[in-house]
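Let's work through a few short exercises together, with the model open beside you. Try each task before reading its solution.

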Amino acid sequence: MGLPGPGLWLKRLWVLLEVAVHVAVGKLLLTLFPDRVKKNILAMGDKTGMTRNPNFSHDNWIPTFFSTQYFWFVLKVRWQRLEDTTELGGLAPNCPVVHLSGQRCNIWDFMQGNRPLVLNFGSCTPSFMFKFDQFKRLTEDFSSVADFLIIYIEEAHASG
């Protein structure tokens with residue numbers, strides 16, 4: 001694979017600066033105006049349906065915004081996105097994944113012939129879990145024509 005070219009290093013440096021400023025400003029605003037920041041974050045949750053979940057508690061995850069863990073997670077994701085390559089209508093990248101059994105494999109290993117493979121990426125966040133039953137119904141309705149795969153992604157917020 002080799003080392004990334006100079007263009008990628010410059011992009012990574014720029015992303016590092018962007019994320020650092022974002023987290024620093026966010027932390028400052030969260031410290032100075034906690035009620036306003038909480039209101040904005042909850043408004044984002046309303047858009048995704050997360051706050052309609054009866055098990056939702058903003059006190060569990062709002063404090064993790066702009067934390068060190070949040071910084072490193074966002075930075076890692078943004079850096080990974082710099083190297084993502086796919087085209088509309090093209091094949092998804094054959095990314096490595098780990099099966100529940102612990103076996104390492106790739107996404108394409110789950111494809112069966114010419115059947116479409118529907119990928120659902122998520123983690124145990126309130127919004128993902130709240131809509132899990134809908135995804136289950138979708139898989140039941142279309143399992144005769146497509147295969148479905150849930151890929152668990154690393155959570156951005158501390159779990160406790």
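**Exercise 1. Which residue class dominates the second largest pocket, and which strand gives the most to its lining?**

Start with what kind of model this is: it is predicted, with local features needing pLDDT of at least 70 and side-chain atom pairs counted only at pLDDT 80 or more, while totals for chains, interfaces and linings use all residues. Residues are numbered from 1 along each chain as its sequence is written, and side-chain values use heavy atoms, leaving out hydrogens and water.

Step 1. Fix the term: on a 1 Å grid over the protein atoms alone, a pocket is an open set of points where a 1.4 Å probe fits, with protein on both sides within 12 Å along at least five of seven lines, and a lining residue has an atom within 4 Å of a point.

Step 2. List the lining: Val97, Val98, His99, Leu100, Phe110, Phe128, Leu149, Ile150, Ile151 and Tyr152.

Step 3. Sort by class, where Ala, Val, Leu, Ile, Met, Phe, Trp, Tyr, Cys and Pro are nonpolar, Asp, Glu, Lys and Arg charged, and the others, Gly among them, polar. The lining has 9 nonpolar residues, 1 polar and no charged ones.

Step 4. Turn to the strands, which are DSSP runs of E with at least two residues, just as helices are runs of H or I with at least four, both numbered from the N terminus. At least two lining residues come from each of β1 (96-98) and β4 (147-152), and β4 gives the most, with 4 residues.

Step 5. Add the volume, the space filled by probe spheres set on the grid points, which are joined across faces, edges and corners: about 320 Å³.

**Exercise 2. Place the strands in the order of elements along the chain.**

Step 1. Count the elements: the chain has 6 helices and 4 strands.

Step 2. Read from the N terminus: α-α-α-α-β-β-β-α-α-β.

**Exercise 3. Which residues form one aromatic cluster, and are they buried or exposed?**

Step 1. Apply the pairing rule: rings of Phe, Tyr and Trp (its six-membered ring) pair if their centres lie within 6.5 Å, with planes under 30 degrees apart stacked, over 60 edge-to-face and the rest tilted. The count comes to 5 aromatic pairs.

Step 2. Take one of them: phenylalanine 65 and tyrosine 70 are 5.6 Å apart centre to centre with 35° between the planes, a tilted pair.

Step 3. Now phenylalanine 66 and tyrosine 70: their ring centres are 5.5 Å apart and their planes at 70°, so this pair is edge-to-face.

Step 4. Join them up: Phe65, Phe66 and Tyr70 make one aromatic cluster.

Step 5. Check exposure (buried is under 20% relative accessible area, exposed over 50%, partly exposed in between; 1.4 Å probe, protein chains only). Phenylalanine 65 is buried at 12%, tyrosine 70 is buried at 10%, and phenylalanine 66 is buried at 11%.

**Exercise 4. How many disulfides are there, and how exposed are cysteine 95 and cysteine 105?**

Step 1. Search for pairs of cysteine sulfur atoms within 2.5 Å, the rule for a disulfide. The count is 0.

Step 2. Look at accessibility: cysteine 95 is partly exposed at 34%, whereas cysteine 105 is buried at 12%.
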